[in-house]
Amino acid sequence: MKAFVLAGWLLLLLILPAASADDEATLRHFKTVLWQQAYRMQDTDLLERLLHDDFAVIDDAGNVSTKQQELVWISENKWDPGEFEYRIERLDIYDGQFAIIAGTGIAETYIYKSSNVLIKDNGEWRAISSHVSGVEEMPPTDADRADDQK
């Protein structure tokens, strides 16, 4: 009996880290690929799946938008930041059900910080809250200035 219990615990210990690694990879993909894809492609179906029904975002001016308002916004507005990279600086998962992702978004002409709270809902990660701050215009590079003079 003791051997059976011990084997069960060992199996559980082997499974848990793998689930956490899978969650981390899923969340990195969620934030660095899918999130920007939904906005860039005006993909309301994808954004519908990514956002929890109780989602709210606070923008850099302090305005609050709901999930439905975000869906309407992306259907009516093309987001084209040019070259874009989101650098995750924090990714913490709590009890396999709750996650925080924070980092820096770097576009061609601006930079910003954001934090996102996600929950696992029926086995799928969904953003429930997002906050954007520190939006700053990027100064033009020497290459940009040379292009403007042509």
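**The largest pocket**

Begin with the largest pocket, whose volume is about 620 Å³, in what is a predicted model. Rolling a probe the size of a water molecule over the atoms shows where empty space is left. To centre the view on the largest pocket, select Tyr39, Glu70, Trp79, Tyr112 and Val132, the residues nearest its centre among the 21 that line it. Next, colour the elements that each give two or more residues to this lining: helices H1 (2-40) and H3 (67-76), together with strands S1 (51-58), S3 (84-94), S5 (110-121) and S6 (124-137). Helix H1 provides the largest share of the lining, four residues. If the lining of the largest pocket is coloured by residue class, 12 residues appear as nonpolar, five as polar and four as charged.

**Helix H3**

Keep Glu70 selected and extend the selection along helix H3. Which residues of H3 are buried? They are Lys67, Glu70, Leu71 and Ile74. These residues lie on the same side of H3, because they cover an arc of only 100 degrees around the axis. An α-helix has 3.6 residues a turn, so residues three or four places apart point the same way. Now turn to the face of H3 directed away from its buried side, where the exposed residues Gln68 and Glu76 are found.

**From helix H3 to helix H2**

From Leu71, draw a distance to leucine 46: the two C-alpha atoms are separated by 9.9 Å, while the residues are 25 apart along the chain. Leucine 46 belongs to helix H2. Is leucine 46 buried or exposed? Its relative accessible area is 7%, and therefore leucine 46 is buried, the cut-off being under 20%. With neighbours within four places in sequence set aside, the contacts of leucine 46 are Leu34, Gln37 and Ala38.

**The second largest pocket**

Leucine 46 also leads to the second largest pocket, since Leu46 and Leu34 are both among its lining residues. To display the lining in full, add Thr26, His29, Phe30, Arg49, Leu50, Glu124, Trp125 and Arg126. The second largest pocket holds about 160 Å³ of space. At least two of its lining residues come from each of H1, helix H2 (44-50) and S6, and H1 gives the most, with four residues. By class, the lining of the second largest pocket comprises five nonpolar, two polar and three charged residues.

**Asparagine 116**

Select asparagine 116 next, in strand S5. Its relative accessibility is 0%, so asparagine 116 counts as buried. Which side chain does that of asparagine 116 join in a polar contact of 2.9 Å? The partner is the side chain of serine 130. Show the surroundings of asparagine 116 by selecting its contacts beyond four places in sequence: Lys31, Trp35, Tyr86, Ala99, Ile100, Ile101, Ser129 and Ser130.

**The whole chain**

Finally, zoom out to the complete model. Four helices and six strands make up the secondary structure of the protein. Traced from the N terminus, the elements follow the order α-α-β-β-α-β-β-β-β-α. Colouring by accessibility marks 29% of the 150 residues as buried. A contact map offers a last view: of the contacts between residues at least 6 apart in sequence, 50% join residues at least 24 apart.

Key
Residues are numbered from 1 along each chain as its sequence is written. This is a predicted model: local features need pLDDT of at least 70, side-chain atom pairs count only at pLDDT 80 or more; totals for chains, interfaces and linings use all residues. Side-chain values use heavy atoms; hydrogens and water are left out. On a 1 Å grid over the protein atoms alone, a cavity is a set of points where a 1.4 Å probe fits but cannot get out, and a pocket is an open set with protein on both sides within 12 Å along at least five of seven lines; lining residues have an atom within 4 Å of a point. Grid points are joined across faces, edges and corners, and a volume is the space filled by probe spheres set on the points. Ala, Val, Leu, Ile, Met, Phe, Trp, Tyr, Cys and Pro count as nonpolar, Asp, Glu, Lys and Arg as charged, and the others, Gly among them, as polar. Buried means under 20% relative accessible area, exposed over 50%, partly exposed in between (1.4 Å probe, protein chains only). The arc is that of the directions from the helix axis to the C-beta atoms. A polar contact is a pair of N or O atoms within 3.5 Å; within protein, one must be able to donate a hydrogen and the other to accept it, and residues adjacent in sequence count only if both atoms are side-chain atoms. Contact means heavy atoms within 4.5 Å.
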